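Let's take a friendly walk through this protein chain. Have the model open as you read.

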Amino acid sequence: MNLKKRAEADIKKITGNINEWADEATLTDPVGGVFTVNVIHTKHHLGLDPEIGVPINAKTASIAFSESNLSASVRNGESEVNLDGWQIDVADSTEVSKSYYALEWFPDEMIGMIVVILSDKQP
């Protein structure tokens, strides 16, 4: 197995293993299709003020998952990853479910990982 294939397999295992790092998330597409995928979920409350460069209190949440762990496609008609209008529900460390919307997404098409920046409000 070459290094690229090993990285793909590692991302699939790390983001997909619910018994280790992963959490289950529910994704709802804009037309109401619902499915689950295991993700790595993060949320922190530290940001950077872009004007003066000092730390500020700013919530940032994201998920990351292997595209090969999906049971449905997140690609549009041009075969590009498109999560515009998607809702993501995931529980935090206290098992309280939170609802977010996909704000930005960053697919790494070399190893198949998609990172999604989440927003409390629909963009």
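Below is a short tour of the core, an aromatic pair, some salt bridges and a surface patch.

## Before we start

This is a predicted model, so local features need pLDDT of at least 70 and side-chain atom pairs count only at pLDDT 80 or more, while totals for chains, interfaces and linings use all residues. Residues are numbered from 1 along each chain as its sequence is written, and side-chain values use heavy atoms, with hydrogens and water left out.

## The core

The largest nonpolar core (buried Ala, Val, Leu, Ile, Met, Phe, Trp, Tyr and Cys residues joined through side-chain atoms within 4.5 Å) has 20 residues. Phe 65, Val 74, Leu 83 and Val 116 have the most contacts inside it. Strands (DSSP E runs of at least two residues, numbered from the N terminus) feed this core: S1 (23-28), S2, S5, S6, S7 (97-108) and S8 (113-119) each supply at least two residues.

Take Val 74: leaving aside neighbours within four places in sequence, its contacts (heavy atoms within 4.5 Å) include Phe 35, Leu 83, Trp 86 and Ile 114.

## One aromatic pair

A search of the whole structure turns up one aromatic pair (ring centres within 6.5 Å, using the six-membered ring for Trp; planes under 30 degrees apart are stacked, over 60 edge-to-face, the rest tilted). The rings of Phe 35 and Trp 86 have centres 5.7 Å apart and planes at 80 degrees, so they sit edge-to-face. Phe 35 is in strand S2 (residues 34-44) and Trp 86 in the loop between S5 (60-66) and S6 (87-91), so the pair ties together parts 51 residues apart in sequence.

Are these two buried or exposed? Phe 35 is buried at 9% relative accessibility, and Trp 86 is buried at 6% (buried is under 20%, exposed over 50%, partly exposed in between, with a 1.4 Å probe and protein chains only).

## Salt bridges

There are five salt bridges in the whole structure (a Lys or Arg side-chain nitrogen within 4 Å of an Asp or Glu carboxyl oxygen). Lys 4, Lys 5 and Glu 8 are linked in a network. Glu 8 reaches Lys 4 at 2.6 Å and Lys 5 at 3.7 Å, N to O.

Elsewhere, Glu 109 bridges to Arg 75, with the closest N and O atoms 3.3 Å apart. Glu 109 is in the loop between S7 and S8 and Arg 75 in the loop between S5 and S6, so this pair ties together parts 34 residues apart in sequence.

## Around His 45

His 45 sits in the loop between S2 and S3 and is partly exposed at 47% relative accessibility. Not counting residues up to four places away in sequence, His 45 touches Ile 56, Asn 57, Ala 58 and Lys 59.

Terms used. Helix = DSSP H or I, 4+ residues; strand = E, 2+ residues; numbered from the N terminus.
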